[in-house]
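Q: Please take a close look at a single part of this structure, and describe carefully how it is built and what lies around it.

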Amino acid sequence: MTTIKYTLTVFAFLVFSVAGNSQAQTHQMNPGDMVVPVGDSEVVAQGGEIFSEKCSACHGGQAVGTGRAPCLSCGKFMFRGNTNSEIFETIYSGTPRTGSRGGKMGAFSSVLNDNEIISVVTYLRATEQARIASGEISDPYAGNQDAMVFPE
Ligand code: HEC
């Protein structure tokens, strides 16, 4: 009887874990890209708090962009590339200078640790997905996603 109870408990635990995992969606732009847990509401909330505190003054609420700085929830990243790894790198080391463009945003590596930057990237992707799902912006990946990478 004890064995049966134990087996049932383990079974219930496994079912619960698998169900939990399948709900926790992740996002990556291609198979080599950094995976971000867009379905993990805690990580998204943490990233959102950091974003409001450190980024929204320039990039706007929901990262929709302002006259000072570009949209970061429109699926288009012009300065380094649109993979999660490239967005992480842009936040970590600032925007790269290419010709007369870029170089206007400094590095955040001394302000935010790696996990905090990952949570911000997660927040940006979750916001982008929510905006696509609600029809607020059209899906930038419907066509060729490589076309969104500039200047490469
Ligand atoms: C003082 C204003 C300011 C703040 C604060 C700021 N940014 Fe920026 N950001 C900019 C500007 C301006 C650009 C455009 C880059 C350029 O012209 O060099 C930019 C560009 C970017 C890009 C590149 C966008 C692209 O199209 O590739 C990312 C990603 C980004 N910022 C993320 C962040 C995050 C995350 C934070 C907060 C941790 C943040 N920024 C805080 C001004 C700011």
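A: Two residues are in contact if their C-beta atoms, placed from the backbone, lie within 7 Å. This is a predicted model, in which local features need pLDDT of at least 70 and side-chain atom pairs count only at pLDDT 80 or more, while totals for chains, interfaces and linings use all residues. Residues are numbered from 1 along each chain as its sequence is written.

The part to examine is the contact of helix 2 with helix 5. The chain has five helices and zero strands (DSSP runs numbered from the N terminus, helices being H or I of at least four residues and strands E of at least two). The axes of helix 2 (residues 41-54) and helix 5 (residues 114-133) come within 7 Å and cross at roughly 100 degrees (lines fitted to C-alpha atoms over the stretch in contact, with angles from 0 to 180 degrees between N-to-C directions). The two helices are therefore roughly perpendicular to each other, a term for angles of 65 to 115 degrees.

From helix 2, the residues Val43, Val44, Gln46, Gly47, Gly48, Ile50 and Phe51 take part, and they meet Glu116, Ser119, Val120, Thr122, Tyr123 and Ala126 of helix 5. The residues of this contact divide into seven nonpolar, five polar and one charged (Ala, Val, Leu, Ile, Met, Phe, Trp, Tyr, Cys and Pro count as nonpolar, Asp, Glu, Lys and Arg as charged, and the others, Gly among them, as polar).

Serine 52 also has its place in helix 2. Serine 52 is partly exposed, because 13 other C-beta atoms lie within 10 Å (20 or more would make a residue buried, 12 or fewer exposed). Glutamine 62 is 10 residues from serine 52 in sequence, and their C-alpha atoms are 8.6 Å apart in space.

Helix 5 has a further role in the packing, since what covers the buried residues of helix 4 includes helix 5. Those buried residues are Asn84, Ile87, Thr90 and Ile91. They cover an arc of only 120 degrees around the axis, taken from the directions from the helix axis to the C-beta atoms, which puts them on the same side of helix 4. An α-helix has 3.6 residues a turn, so residues three or four places apart point the same way. Helix 4 is followed by glycine 94, whose phi is positive, near 90 degrees.

For the chain as a whole, buried residues make up 24% of its 152 residues. Of the contacts between residues at least 6 apart in sequence, 54% join residues at least 24 apart.

Notes:
Parallel < 35°, antiparallel > 145°, perpendicular 65-115°, else oblique.
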